[in-house]
Amino acid sequence: MVALTEEMKTAFRTMKAFPVATASKGGWPNVVPIGFVELVDDETIWIADNFMKKTLANIQENPKISIYVWGPETKGCFQVKGDVEIRSSGPEFEKMQFTVHSKMAKAPAKNLLIVKIREVYECSPGPKAGEKIL
């Protein structure tokens, strides 16, 4: 697994919504903005499934994900790629539900997507764009 640097973790905390990309088994892409994304530790990200349809279907067929981290407050831009596990019960799921409901009481918080970070890529413009960072 890959551990994010301190600079990456700081950038991650500045994000309000994350563009999250998945693809079906046949390769059809899907990108959605997701607000409930939490960096749990250096190599794990939690994503709350409130209203996912295509994203969830894609992950069930192809458990891979890409998360784009960029915004006015971030210093740079990077893309996180990882493997995803879906949980709909257990202590981690319940913790995610509590967090989501404390911010948006009527949100369904149907599933917890646990992302294990595998790779990180540079996405700032310039000669290093697209290069693997971690």
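**Figure 1. Thr22 within strand β1 of the predicted model.** Thr22 lies in strand β1, which spans residues 18–23. Its relative accessibility is 5%, and Thr22 therefore counts as buried. The side chain of Thr22 forms a polar contact with the side chain of Asn58, at 2.9 Å. When neighbours within four places in sequence are set aside, the residues in contact with Thr22 include Trp28, Pro29 and Asn30, as well as Thr55, Asn58, Ile59, Lys64 and Ile65.

**Figure 2. Asn62 in the loop between α2 and β5.** The loop that holds Asn62 connects helix α2 (54–61) with strand β5 (64–69). Asn62 has a relative accessibility of 22% and so counts as partly exposed. Residues up to four places away in sequence aside, Asn62 touches Ala23, Ser24 and Lys25. Asp83 is 21 residues from Asn62 in sequence, and the two C-alpha atoms are 9.1 Å apart in space.

**Figure 3. The largest nonpolar core.** This core comprises 26 residues. Phe18, Ile45, Ile47, Ile67, Val69, Val80 and Val120 have the most contacts inside it. At least two residues each are supplied by α1 (6–14), β1, β3 (37–41), β4 (44–49), α2, β5, β6 (78–87) and β7 (111–122). Strand β7 gives the largest share, four residues.

**Figure 4. Contacts of Phe18, and a second core.** Not counting residues up to four places away in sequence, Phe18 touches Phe12, Val32, Pro33, Ile34, Val37, Ile67, Tyr68 and Val69. A second core, separate from the largest one, has ten residues, among them Phe93, Ala107, Leu112 and Ile114.

How values were computed: Residues numbered from 1 in each chain as written. Predicted model: local features only at pLDDT ≥ 70, side-chain atom pairs only at ≥ 80, totals over all residues. Heavy atoms only, no water. Buried < 20%, exposed > 50% of the residue type's maximum accessible area, 1.4 Å probe, protein only. Polar contact = N/O pair within 3.5 Å; in protein donor to acceptor, adjacent residues only side chain to side chain. Contact = heavy atoms within 4.5 Å. Core = buried A, V, L, I, M, F, W, Y, C linked by side-chain atoms within 4.5 Å.
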